[in-house]
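These are my notebook entries on a structure that I looked up. I set down each point in the order in which I checked it.

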Amino acid sequence: MSEGFTLWFTGLSGAGKSTLAELAAEELRRRGHRVEVLDGDEVRTNLSKGLGFSKEDRDTNIRRIGYVCKLLARNGVIVISAAISPYREIRDEVRQAHDRFVEVYVKCPLDVLVERDVKGLYKKAIKGEIANFTGVSDPYEEPLKPELVIETHRESRQESLARLIGTLESLKYIGGNGSGR
């Protein structure tokens with residue numbers, strides 16, 4: 001059984017975390033790895049139902065995701081988290097609880113996110129119609145030392161995926177040349 005690890009995508013809403021998580025999961029499965037994806041929206045519907053968007057509730061949500069990631073990773077699964085996880089202290093706390101952890105900052109400027117936003121949430125948040133909206137009326141604390149920064153407004157999905165896989169290979173978390181480990 002290959003060793004599991006946590007691949008933690010963080011960034012603002014609409015930056016591309018879920019898209020990259022799914023592309024990475026598909027590629028890792030193709031290479032023979034066991035993979036689970038914990039998407040922030042899905043987790044809020046199931047594991048964290050009833051939590052709001054206060055700092056305390058957001059911290060609780062991220063701790064829950066981190067705990068599930070840890071359980072899966074120690075059982076040989078590559079677990080991918082795609083959640084905004086806006087607060088650095090909690091992300092660092094989650095990192096400390098893991099033996100093998102890769103933080104990927106999915107970065108995109110606010111003006112591009114507003115353009116991409118099909119639901120119009122950013123425009124509503126900017127007008128003050130949505131409270132506690134990360135990146136607008138609530139803070140997002142950028143990671144200080146992520147293993148990888150992906151700027152989705154500067155490169156294609158395939159370029160981002162290739163850089164991500166290259167990072168995982170260079171860390172020796174996966175084998176190279178499309179093989180498992």
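For these entries I take buried to mean under 20% relative accessible area, exposed to mean over 50%, and partly exposed to mean anything in between. The model is predicted.

**Entry 1: Leu113**

I looked up whether Leu113 is buried or exposed. Leu113 has a relative accessible area of 1%, so I record it as buried. I located this residue in helix H5, which covers residues 110-116. Leaving aside residues up to four places away in sequence, I listed what Leu113 touches: Leu12, Ser13, Gly14, Ala15, Cys108 and Tyr122. I also checked the position of Leu113 relative to Arg163; the two are 50 residues apart in sequence and 22 Å apart in space, C-alpha to C-alpha.

**Entry 2: Nonpolar cores**

Next I asked how many residues the largest nonpolar core has. I found 36 residues, and those with the most contacts inside this core are Leu7, Phe9, Ile80, Val104, Leu164 and Leu168. Helix H1, residues 17-30, supplies the largest share of this core, six residues. Another core, of twelve residues, lies apart from it, and I noted Ala73, Val79, Val94 and Phe101 among them. In general, nonpolar side chains tend to be buried together in soluble globular proteins.

I then followed Leu7. Not counting residues up to four places away in sequence, Leu7 touches Ala24, Val79, Ile80, Ser81, Val102, Val104, Leu164 and Leu168.

**Entry 3: H1 against H7**

I examined how H1 and H7 are placed. Their axes come within 10 Å and cross at roughly 55°, and I therefore enter the two helices as oblique to each other. H1 passes H7 in a right-handed crossing. From H1, the residues in contact are Thr19, Leu20, Leu23, Ala24, Glu27 and Leu28. They meet Arg157, Gln158, Ser160, Leu161, Leu164, Ile165 and Leu168 in H7. I record the residues of this contact as eight nonpolar, three polar and two charged.

**Entry 4: H3 against H4**

I made the corresponding check on helix H3 (residues 55-73) and helix H4 (residues 88-96), whose axes come within 10 Å and cross at roughly 20°. That angle makes H3 roughly parallel to H4, because angles under 35 degrees count as roughly parallel. The crossing of H3 past H4 is right-handed. In H3, I found Asp59, Ile62, Arg63 and Gly66 meeting Ile90, Glu93 and Val94 in H4. The residues of this contact comprise three nonpolar, one polar and three charged.

**Entry 5: Positive phi values**

Most residues other than glycine have a negative phi. I looked up two residues that have a positive value.

Ser85 has a phi near 40°. I placed Ser85 in the loop between strand S3 (78-82) and H4. With a relative accessible area of 3%, Ser85 is buried.

Asn132 has a phi near 55°. I found Asn132 in the loop between helix H6 (121-126) and S5. At 37% relative accessibility, Asn132 is entered as partly exposed.

**Entry 6: Arg154**

Where is Arg154 found? I located Arg154 in the loop between strand S5 (148-151) and helix H7 (157-170). The relative accessible area of Arg154 is 64%, so I enter this residue as exposed. Glu142 is twelve residues from Arg154 along the chain, and I noted that their C-alpha atoms are separated by 18 Å.

Technical notes:
Residues numbered from 1 in each chain as written. Predicted model: local features only at pLDDT ≥ 70, side-chain atom pairs only at ≥ 80, totals over all residues. Heavy atoms only, no water. Axes fitted to C-alpha atoms, helices over the stretch in contact; angles between N-to-C directions. Helix = DSSP H or I, 4+ residues; strand = E, 2+ residues; numbered from the N terminus. Parallel < 35°, antiparallel > 145°, perpendicular 65-115°, else oblique. Left-handed = near helix turned anticlockwise from the far one by under 90°. Contact = heavy atoms within 4.5 Å. Nonpolar A, V, L, I, M, F, W, Y, C, P; charged D, E, K, R; others polar. Core = buried A, V, L, I, M, F, W, Y, C linked by side-chain atoms within 4.5 Å. Buried < 20%, exposed > 50% of the residue type's maximum accessible area, 1.4 Å probe, protein only.
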